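Student: I would like to go through this model by question and answer, beginning with its pockets and then turning to rings and strands.

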Amino acid sequence: MSTVTPFHIAIPVHNLAECRTFYRDILNCDEGRSSDHWVDFNLFGHQLVIHYKPKTVKEDLHHNPVDGHDVPVPHYGVVLPWDVFQSFSEELKTKGVQFIIEPYIRFEGLVGEQATMFFLDPAGNALEFKSFKDMDQLFAK
């Protein structure tokens, strides 16, 4: 697999302080630059920015069926090395994160077998973290 450059993603949050605490203390993201309306984080080497947006009537998350689970759409996250995924998921459990989809192995025994988990941040943004034992399977058909 070739070297991957960091992505940048900016997401809306209605409570900057609560989400800042979540990304810093629950997900262990190092904090970068910030203002009174946004905060940069290092999300496993990628640039995540939370931007304040006033709370509005929130649409329900859409879900698509995948491997017997209702996967929330939209969602974002990072593909982690296998051992990092395992320790990260255990750490999230000890911190009391409420999962939409508990950590499990998806497509077990098939092409694209992966570990995955889904949960929400305090603003209701859906996150997925996943891992492949064989990273060459990331885009396998």
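Tutor: This is a predicted model. The second largest pocket is a convenient start: 11 residues line it, and those nearest its centre are Val 4, Phe 7, His 46, Val 78 and Val 79.

Student: How does the lining of the second largest pocket divide by class, and what is the volume of this pocket?

Tutor: The lining of the second largest pocket holds 9 nonpolar and 2 polar residues, with no charged residues. As for its volume, the value is about 210 Å³.

Student: Which strand gives the most to the lining of the largest pocket?

Tutor: The largest pocket has a volume of about 540 Å³. It is lined by 24 residues, and closest to its centre are Pro 12, Lys 58, Ala 123, Gly 124 and Asn 125. By class, the lining has 13 nonpolar, 6 polar and 5 charged residues. With 5 residues, the strand that gives the most to this lining is E1, residues 8–13.

Student: In the hairpin of E9 and E10, which residue takes a positive phi?

Tutor: E9 and E10 pair in the antiparallel sense, over 6 bridges. Their hairpin has 5 residues between the strands, and the positive phi, near 90°, belongs to Gly 124.

Student: Why is the pair of Phe 119 and Phe 129 called stacked?

Tutor: A pair of aromatic rings is described by two quantities, the distance of the centres and the angle of the planes. The cut-offs are centres within 6.5 Å for a pair and planes under 30 degrees apart for stacking. The model has 8 aromatic pairs by this rule. For Phe 119 and Phe 129 the centres are 5.8 Å apart and the planes stand at 10°, so the pair is stacked.

Student: How many residues apart in sequence are the parts that this pair ties together?

Tutor: Phe 119 belongs to strand E9 (residues 114–120) and Phe 129 to strand E10 (residues 126–131), so the pair ties together parts that are 10 residues apart in sequence.
Ring pairs also place both residues in a cluster with Phe 22, Tyr 23, Phe 41, Phe 44, Phe 88 and Phe 99. The separation asked for is 10 residues.

Student: Is Phe 119 buried or exposed, and is Phe 129 buried or exposed?

Tutor: The cut-off for buried is under 20% relative accessible area. Phe 119 has 0% relative accessibility and therefore counts as buried. The strand around Phe 119 is mostly covered, since 6 of the 7 residues of E9 are buried. Phe 129 is likewise at 0%, so Phe 129 counts as buried.

Student: Which strands stand at the edges of the sheet E7-E10-E9-E8?

Tutor: This is an open sheet of 4 strands with mixed pairing. Each edge strand has a single partner strand, so one side of each is left without a neighbour in the sheet; the edges are E7 (76–79) and E8 (99–106).

Student: Which pairing in this sheet is parallel, and which residue stands opposite Val 78?

Tutor: E8 and E9 run antiparallel, joined by 5 bridges, and Arg 106 stands opposite Gln 114 in E9. E7 and E10 pair in the parallel sense, over 4 bridges. Opposite Val 78 stands a residue of E10, Phe 129.

Student: By how many degrees are neighbouring strands turned against each other in the sheet E1-E4-E3-E2?

Tutor: The sheet with the order E1-E4-E3-E2 is open, has 4 strands and shows mixed pairing. E1 and E2 (30–34) each have a single partner strand, so one side of each is left without a neighbour in the sheet. On average, with direction ignored, the turn between neighbouring strands is 25°.

Student: Where is Asp 36 placed, and is Asp 36 buried or exposed?

Tutor: E2 and E3 (residues 38–43) pair in the antiparallel sense over 3 bridges, with Ser 34 opposite Val 39 in E3. Asp 36 is in the loop between E2 and E3. The cut-off for exposed is over 50%. Asp 36 has a relative accessible area of 62%, so this residue is exposed.

Student: How far apart in space are Pro 6 and His 46?

Tutor: Pro 6 is in the segment before E1 and counts as exposed, at 58% relative accessibility. Pro 6 and His 46 are 40 residues apart in sequence, while their C-alpha to C-alpha distance is 4.7 Å.

Key: Residues are numbered from 1 along each chain as its sequence is written. This is a predicted model: local features need pLDDT of at least 70, side-chain atom pairs count only at pLDDT 80 or more; totals for chains, interfaces and linings use all residues. Side-chain values use heavy atoms; hydrogens and water are left out. On a 1 Å grid over the protein atoms alone, a cavity is a set of points where a 1.4 Å probe fits but cannot get out, and a pocket is an open set with protein on both sides within 12 Å along at least five of seven lines; lining residues have an atom within 4 Å of a point. Grid points are joined across faces, edges and corners, and a volume is the space filled by probe spheres set on the points. Helices (H or I, at least four residues) and strands (E, at least two) are DSSP runs, numbered from the N terminus. Ala, Val, Leu, Ile, Met, Phe, Trp, Tyr, Cys and Pro count as nonpolar, Asp, Glu, Lys and Arg as charged, and the others, Gly among them, as polar. Rings of Phe, Tyr and Trp (its six-membered ring) pair if their centres lie within 6.5 Å; planes under 30 degrees apart count as stacked, over 60 as edge-to-face and the rest as tilted. Buried means under 20% relative accessible area, exposed over 50%, partly exposed in between (1.4 Å probe, protein chains only). Two strands pair if DSSP finds at least two bridges between them. Axes are lines fitted to C-alpha atoms, for helices over the stretch in contact, and angles run from 0 to 180 degrees between N-to-C directions.
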